Amino acid sequence: MTDDFYERRANGVREPDPTLGRRGRQRPLPQPADRAVVEPLPPAPENEPPKPEHHAKPKRERVILADPRRGAGTLRARVELEEQTSWGKLLVRDHLVKVQLRTALLLSLLVVGVFGALPALFYLVPGFSRASLLGIPVAWLILGVLPFPFLFGVGIWYNRLAERNERAFVDMIEN
């Protein structure tokens, strides 16, 4: 016979653990040194009318558990995307990534075309590079100031196009 509490049986039934419900060391609760002082509350103002309680019925709302317009293909595509299966990755790569890449390449060609045309402009129109505005050469203004708002505008345009492409992809998956 062992000393383990769980191995002891009385009439085939285990005896409960004798330490169950006991705490290791009982500490006495701290006793307050002085009795607490209870201050009376001031009476409620007599001239203020009681606020009426609002017991309006809540507006009824229709709950739809399943949308019958959604097809099984929508659910399958969404599951494939969420689980990142090979078909879901292929769907994203073939559609969304290619559209985003095409947008990025077209806008980068626009930027390269505009900035690449500047040296040709200065070469072909020599008087343009010698002109000045408020004592500052126009070439310096075009090369030092105008690229920043132009690049900022192209960046905003790309962001809007990318969001539109993503919304179109989500609509394609859901429909």
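**Helix H2 and the nonpolar core in a predicted model**

Thr-103 is found in helix H2, which spans residues 86-124. The model described here is predicted. Thr-103 has a relative accessible area of 12%, so this residue is classed as buried, the cut-off being under 20%. Beyond residues up to four places away in sequence, Thr-103 touches Tyr-158, Leu-161 and Asn-165.

Helix H2 also holds Leu-124. Leu-124 reaches 65% relative accessibility and therefore counts as exposed, since that class begins over 50%. Leu-124 takes part in a nonpolar surface patch of about 450 Å². The other residues of the patch are Leu-121, Tyr-123 and Val-125. Thus helix H2 carries a buried residue, Thr-103, as well as an exposed one, Leu-124.

The largest nonpolar core consists of 5 residues. Its members are Leu-118, Phe-122, Val-138, Ala-139 and Ile-142. Helix H2 and helix H4 (138-144) each contribute at least two residues to this core. The greatest share comes from H4, with 3 residues. Within the core, Ile-142 is in contact with Leu-118 and Phe-122. Ile-142 also contacts Phe-128 and Pro-147; this list leaves aside neighbours within four places in sequence.

The overall architecture comprises 5 helices and 4 strands. Along the sequence, these elements follow the pattern β-β-α-α-α-β-β-α-α. The protein has 175 residues, and 14% of them count as buried. Contacts with a separation of 6 or more were also examined. Of these, 60% join residues 24 or more positions apart. The accessible surface of the protein comes to about 16,400 Å². Carbon and sulfur atoms account for 60% of that surface.

Confidence varies among the elements of the model. The mean pLDDT of the protein is 76. A value of 70 or more is reached by 61% of the residues. Among the elements, helix H5 (residues 147-174) has the highest mean pLDDT, at 90. Strand S1 (residues 9-10) has the lowest, at 58.

Methods. Residues numbered from 1 in each chain as written. Predicted model: local features only at pLDDT ≥ 70, side-chain atom pairs only at ≥ 80, totals over all residues. Heavy atoms only, no water. Buried < 20%, exposed > 50% of the residue type's maximum accessible area, 1.4 Å probe, protein only. Contact = heavy atoms within 4.5 Å. Core = buried A, V, L, I, M, F, W, Y, C linked by side-chain atoms within 4.5 Å. Areas by Shrake-Rupley, 256 points an atom, 1.4 Å probe, with all protein chains shown as cover. pLDDT = per-residue confidence, 0-100. Patch = residues over 30% accessible without salt bridge, like charges linked within 9 Å, V, L, I, M, F, W, Y side chains within 5 Å. Salt bridge = Lys/Arg side-chain N within 4 Å of Asp/Glu carboxyl O.
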